[in-house]
Amino acid sequence: MIQPPNAGPSRRGWHRLSDFGKCPMYGSYRHLLHLSPLKEPEARALGSLLHIGMMYRYLRLAGTSDVDPVEAMKDASARVAWVFDRARGIFAAYETKYPADAEPFRVLDVEREFEVRVGGYAQTLRLDLVVEWNGQVVD
């Protein structure tokens, strides 16, 4: 089955260890019981929405999606969509400063998750964007 694009954290990324280190109960609620707050803190919500917008901007540039980035942000979970107006303004400013048709690179991949095993423990990471720029692959 083809998975839809995902701009969220990787399955077993550093955030899990950070959350357990910050507070074992918080880590347990979030990652073992899969409980989430009804409303994410503003910075996390804003970052999540902007990641969604950027993911669809660059998927469009790669020619692999026709989803409108702003619509994708608006349709996000209510946990993060409560900051949509602010995110839309930041996204619009980014698009004005860096027009999609003037990007100096070619998009190779967007939001790809990788996994490595360290001491038997699976650790994952997600690369937001991989491009070819002046003949070099850059992530």
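## What helix H3 packs against

In this predicted model, the buried residues of helix H3 pack against three helices and two strands, namely helix H4 (69–74), helix H5 (78–81), helix H6 (84–97), strand E1 (106–118) and strand E2 (121–133). The buried residues in question are Ala-45, Leu-46, Leu-49, Leu-50, Ile-52, Gly-53, Met-55, Tyr-56, Arg-57, Tyr-58 and Leu-59.

Helix H3 itself covers residues 42–62, a run of 21 residues, and its first and last C-alpha atoms lie 30 Å apart, which is close to the 30 Å expected at 1.5 Å a residue. Just after the helix comes Gly-63, whose phi is positive, at about 80°.

## How H3 meets H6

Two packed helices are described by the angle between their axes and by the distance between those axes. For H3 and H6, the axes come within 9 Å of each other and cross at roughly 45°. H3 is therefore oblique to H6, because an angle under 35 degrees would count as roughly parallel and one from 65 to 115 as roughly perpendicular. The crossing of the two helices is right-handed.

On the H3 side, the residues that take part in the meeting are Glu-42, Leu-46, Leu-49, Leu-50, Gly-53, Met-54, Arg-57 and Tyr-58, while H6 contributes Phe-84, Arg-86, Ala-87, Ile-90, Phe-91, Tyr-94 and Glu-95. Sorted by class, this contact of H3 with H6 holds 10 nonpolar residues, one polar residue and four charged residues.

## Positive phi in residues other than glycine

Most residues other than glycine have a negative phi. Glu-111, however, has a positive phi near 55° and is not a glycine. Glu-111 is found in strand E1, and it counts as buried because its relative accessibility is 9%, where the cut-off for buried is under 20%.

Asn-134 also has a positive phi, of about 55°, although it is not a glycine either. Asn-134 has its place in the loop between E2 and strand E3 (136–138), and with a relative accessibility of 71% it counts as exposed, because exposed means over 50%.

## Pro-24 in helix H2

Pro-24 is found in helix H2, which spans residues 24–32. The relative accessibility of Pro-24 is 55%, so this proline counts as exposed. Along the chain, Pro-24 and Phe-105 are 81 residues apart, and in space their C-alpha atoms are separated by 43 Å.

Definitions and conventions:
Residues numbered from 1 in each chain as written. Predicted model: local features only at pLDDT ≥ 70, side-chain atom pairs only at ≥ 80, totals over all residues. Heavy atoms only, no water. Helix = DSSP H or I, 4+ residues; strand = E, 2+ residues; numbered from the N terminus. Expected span 1.5 Å × (residues − 1). Buried < 20%, exposed > 50% of the residue type's maximum accessible area, 1.4 Å probe, protein only. Contact = heavy atoms within 4.5 Å. Axes fitted to C-alpha atoms, helices over the stretch in contact; angles between N-to-C directions. Parallel < 35°, antiparallel > 145°, perpendicular 65-115°, else oblique. Left-handed = near helix turned anticlockwise from the far one by under 90°. Nonpolar A, V, L, I, M, F, W, Y, C, P; charged D, E, K, R; others polar.
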